Structure formats: structure tokens, C-alpha cells
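Reader: I'm new to reading protein models and I'd like a close look at one part. Could you walk me through the place where aromatic rings meet, and then show me what surrounds it?

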Amino acid sequence: GALVDEHGYRLAFAVLLPIMGLGFLIPLLAEYLRSESVLVTGLPGTLILMAVTLLMMRGIGTSIQTTSNALVNRWFRQQRGQAMATYHLAFMAVQDLVLVQIVQHVGWKMSTYVAAVSSVLAALFAWLFVIDSPELVGLSPDINPTGATLWLHAPSPGVSPPSRNEAATNHWATDHPPSTGVSLPSSPSAKTETGGLQSSQKRKRRPGEKRCFTLSEAMKTPAYYLINIYWVMYAVCGSSVALMLVDIIFDSGKHPFRLDVATYYYGPHFLMATVTTILTGHLIDSGVHEKYLLCAAGVMLSVGLSTLSSVKDPVSAILSGTVQGVSIGLREPVFLSILGKYFGNDHISEITGSTKMYHMLGTAAGPLIINVCRDWDGRDYVVTLNVFAVCCLIVSVCMLVLKQPMHPADIIDHDTLARTLAQSTGSGSEERGTKSEGNSPRKSPGRSSRERSHESLRPFPGEGKPM
């Protein structure tokens, strides 16, 4: 995250994507080592390569996801909720629809080749077309030229321009976007004077624009820890359910619809997640507070966990999938957009990377926790899922105290404010007293500066009230 903030998203994609693509090819080498025994320690060598594979695919993959989240946050502000909803929908569509079909039709080995080639092509695409920030091309977030008005045509004198919603095409009121103080590159491969994102980070804040947090400043706010606690809770519970779903549902071995469980569960799960994600994006942009959405998502996840072990027929599988889909649709757009909204964009990659670290730890620990608890119980997952559900409910209720933090530079304690007001009032009184003395025909000896200051507050000739 810190390197991305310094060097830019385009370079990060170009470096990380080929590394992840190489990670897809390493399992083929591990399979060769295991089957041909070219090493004396064939199995340990295979395990080492598989560990490297997991690091490159999972670790680098999470870094790419962090970079993508931060890039979308930088390009959108007022429409950040809808942008993140669209981003998440594309992610779900590719993961749940496209990738599944590729694996089913060409097999796992050929899928690794497809993934490796796709990674290289994606890196090339990013190098050619990704732009690190809207300021580099004369735009402001939400794809609007700074200070420009979207008009269909230049209006005639005395005729008011049409509103933004009435404009049918993107003709701008000015022929050229206003200067943003940033040297615009002639091509995506061109570099700014300072390199990376530094030119956009060092720009002056516009009037009314909030200050951006560094990671150390963000870690001093309660909001940072509330968000991470919620994220870890979701990672532990969500990853456990995703990985152990089949074992949870068929733990008793009495369900006759085993072959159709994916259709009954994941069909409504995907549909409800899609609908709820779109709705949540609009709610975020319309001003609904994130704490209510996160609380609702946590409550739905708690209900889904407590009822998952009772799935016994297609109807209960559909209901369970629906509840989990609503939970994901409420949660993901908020997760993807809240860091940029609360802490700003200048260090968004570093802050997102730190939260992803906690998320990954929860994802790794979740399946281990649920299976250790199941073995300790010795019967099924019912008790473990109920405990998870209670924890989700408690954390969800705690999110109701979440509020957007204020930057430390904008916080003024009462004593400092009182001293500032006293100094400004005193300097103003002294200045008025000096002017009054200069304009008066006579000076009265022996008067103190305080008396002259009080006299300066008397009404001037022609004024009915003192200043």
C-alpha cells in the first residue's frame, strides 16, 4: 500500500499481475517434482513450492485487490458508493460465473495456463490505459472537469444552461478543462515532474476539501479499529462458511439433495447479492450512514449463521442463500468505500493495505477455528455456528457508535480556541484605538490603552449602533 501511494497504481498493476501469473504456473512444477521424483526430497520440495504458490497467488492477489480498491476510491467521491457497487458486481460476475465455467469446461491444468496468460494481458492493459488520478488529466473525482458545468451546448446570452441531468452528451462549458496545477502527461506512459502520485498528493486543498489522514493518524481514531474489528469478524465467519459449506450442510449425512445444493443455495445468493449491492451503492451516495448498513449486514450474517445448520431441504437452502446474499450486498460496497470517505485519498493504498492485513489474518484463522471447535464438540457445527452468530450480533450492534473521524489538525481544544479569540479581539481593539487616536483632534493625557480601546467602540457619527 505505501509503495502504491508513492509510485502509482499503473506501475503497481504492471509489476504485480505478472508475478501473480507466475504463481499460477508453479503448481505445474510442483506436480512434476512430485510425480517424477527429480529431487531426493520430492514431497518436501513440492510442499515448499505449494507454499510459494499460495504466497504469490493469495498474497499478491490481495495486493492487486488493494490497489484496485484504492484506484476506484481516488476516481470517485460523490458517486463512490455506486462506483464500488459496480466494481463488486463485476468481481462477483467474473468469479461466480466466468471462472466456474472455465474450470468446468477445460479443467484445472488448462485453467492455470488461462490464468497466467490473462494476468500478463491484464498487466499490459493496465500499463497502457490506467491513469493514476483524475487530476493528471485535468479532471476532478466523479469524472467532472474542475469547476466546469456540463452543458449540451454553450448557452445563448440571457438563457440559463440546462441542468446536469438534461445534458445528453458530454460537451463542457469550457473548451479546455481548467488548470489544476499539475503538468498533464501527453500519454499514459508519460511521467509527471515528481513521479508517481506525488504531484497529486502535494496539490493544495480546494476550499471545503477535507484533510487526508496518514496511516499513523488513522490508527489513532476509534473508527479505524471499529472497521477492522468488523472486518475481522466477517473474515472469520465468512471464510469459514464459504470453505466448509458442504461439510456444514451434510454433516449429518441425511440430506437427499446433495447434488443440487449449489443451485439451491448459490443461485438466490448471487441474485440477492446483486440486487442488494446496487441498492446499497445508491443508499451510500444518498447520505445513509454507513453504520446502519454495516449493522444490518451483520444482523443478516448472524441470522444466516444460526440457521445454516438447519438446512434440510431445497426451500431452506434457498432461504439461507438469500439471507447470506443480502448480507454480502449490504456489506461489500460499504467496506470498499468507507476508507476513502473517512480517511481521504492521499494515503488510501497504505490504509487499505493495513486493513487487508487484518482481513487476511481472519480469513486464514476462520476455517481453523471452526474445525477445531467442531472437533472439540464432537458432534456437528451447530454450537460453533451459534457462537459465531452471537459474536456477529454483538459486533454489529457496536457499529452503531461508528462516526466519521476528524483530522487532528482540525481539532481545536477549548483553551486554544479561547486564547485565539482573545488575541484576535485584543489586536482588533488596539488597531481601532490607534485609528481613533489618529483621527481625534486632541489626545487626553493620562488615559490608558484599555480606556482608549473602550472609547473606540463608541458609535461613529451617523451610526446608530456600536460595532
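Author: Here is a walk through the aromatic pairs and the helices that carry them, followed by a few other spots along the chain. Keep in mind that this is a predicted model.

Let's start with the rings. A search of the whole structure turns up eight aromatic pairs. Take Y224 and F343: their ring centres are 6.5 Å apart and their planes sit at 70°, and since an angle over 60 degrees counts as edge-to-face, that is what this pair is. Where do Y224 and F343 lie? Y224 is in helix α7, residues 222–249, while F343 is in helix α10, residues 314–343, so the pair ties together parts that are 119 residues apart in sequence.

Are these two rings' residues buried or exposed? Buried means under 20% relative accessible area. Y224 has 1%, so Y224 is buried, and F343 has 0%, so F343 is buried too.

There's another pair on these helices. Y230 and F335 also meet edge-to-face, with 5.5 Å from centre to centre and 75° between the planes. Y230 belongs to helix α7 and F335 to helix α10, so this pair links distant parts of the chain, 105 residues apart. Y230 is buried at 1% relative accessible area, and F335 counts as buried at 3%.

Now go back to Y224 and F343, as they have company. Ring pairs join F213, Y224, Y225, Y342 and F343 into a cluster.

What about helix α7 itself? With 28 residues at 1.5 Å a residue, α7 should span 40 Å, and its end C-alpha atoms are 38 Å apart, which agrees. Still, look along α7 and you'll find a kink of about 60°, centred on L243.

It's handy to put helix α11 beside that. α11 covers residues 348–377, and its 30 residues should span 44 Å; the end C-alpha atoms are 43 Å apart, which agrees. α11 has a bend of its own, about 30° at A365, and a proline, P367, follows within four residues. Just after α11 comes G378, which takes a positive phi of about 80°.

Next, turn to the outside. L11, V15, I19, L124, F125, W127, L128 and F129 make a nonpolar surface patch of about 750 Å². Which helix gives the most to the nonpolar patch? That's α4, with five residues. Helices α2 (9–36) and α4 (80–129) each supply at least two residues of the patch. One patch member, I19, lies in helix α2, and I19 counts as partly exposed at 33% relative accessibility.

Staying with helix α4, find Y113 there. Y113 is partly exposed, with a relative accessible area of 40%. Y113 and L25 are 88 residues apart in sequence, yet their C-alpha atoms are 7.0 Å apart in space.

Last stop: S133, in the loop between α4 and β1 (139–140). S133 is buried, with a relative accessible area of 0%. The C-alpha atoms of S133 and L71 are separated by 7.7 Å, although these residues are 62 residues apart along the chain.

Technical notes
Residues are numbered from 1 along each chain as its sequence is written. This is a predicted model: local features need pLDDT of at least 70, side-chain atom pairs count only at pLDDT 80 or more; totals for chains, interfaces and linings use all residues. Side-chain values use heavy atoms; hydrogens and water are left out. Patches are made of residues with over 30% relative accessible area and no salt bridge: like charges are joined within 9 Å, nonpolar side chains (Val, Leu, Ile, Met, Phe, Trp, Tyr) within 5 Å. Accessible areas come from the Shrake-Rupley method with a 1.4 Å probe; for residues, only the protein chains shown count as cover. A salt bridge is a side-chain nitrogen of Lys or Arg within 4 Å of a carboxyl oxygen of Asp or Glu. Buried means under 20% relative accessible area, exposed over 50%, partly exposed in between (1.4 Å probe, protein chains only). The expected span of a helix is 1.5 Å times one less than its number of residues. The bend at a residue is the angle between axes fitted to the seven residues ending there and the seven starting there. Rings of Phe, Tyr and Trp (its six-membered ring) pair if their centres lie within 6.5 Å; planes under 30 degrees apart count as stacked, over 60 as edge-to-face and the rest as tilted.
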